[in-house]
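The following exercises concern the packing of helices. Study the sequence and the model before attempting each task.

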Amino acid sequence: MKPTRVTNSIRALRFAHGEMTQAQLADLIGVTRQTVIAIEKGRYSPSLEMAFQIARVFKVPLDAVFQYTQTDGETP
């Protein structure tokens, strides 16, 4: 499986919110800690619903959590 071009700020947001652990975030959004690890490392893209849940936990807009990197020559 190739890595996703979706990057995220989850690790920074966790630390900005009282050093929340991956396990705590996982509990809040109803997934395993391993899923949070995979999302943080960019090995897995969450569903749109899960992405919104993560943004809601941190009380920030979706694009403050996830960014999509465009390749050269790609049409927006």
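Buried means under 20% relative accessible area, exposed over 50%, and partly exposed in between (1.4 Å probe, protein chains only). Helices are DSSP runs (H or I, at least four residues), numbered from the N terminus. The model is predicted: local features need pLDDT of at least 70, side-chain atom pairs count only at pLDDT 80 or more, and totals for chains, interfaces and linings use all residues. Residues are numbered from 1 along each chain as its sequence is written, and side-chain values use heavy atoms, with hydrogens and water left out.

**Exercise 1.** Determine which residues of α2 are buried and where they lie around the axis.

*Solution.*
Step 1. Gln22, Leu25, Ala26 and Ile29 are the buried residues of α2.
Step 2. These residues cover an arc of only 100° around the axis (taken from the directions from the helix axis to the C-beta atoms), so they are on the same side of α2.
Step 3. An α-helix has 3.6 residues a turn, so residues three or four places apart point the same way.
Step 4. The exposed residues Asp27 and Leu28 are carried on the face turned away from the buried side of α2.

**Exercise 2.** Identify the helices against which the buried residues of α2 pack, and examine valine 36.

*Solution.*
Step 1. The buried residues of α2 pack against α1, α3 and α4.
Step 2. Valine 36 belongs to helix α3 and is buried, with a relative accessible area of 2%.
Step 3. Leaving aside neighbours within four places in sequence, valine 36 is in contact (heavy atoms within 4.5 Å) with Gln22, Leu25, Ala26, Ile29 and Val31.

Definitions and conventions. Helix = DSSP H or I, 4+ residues; strand = E, 2+ residues; numbered from the N terminus.
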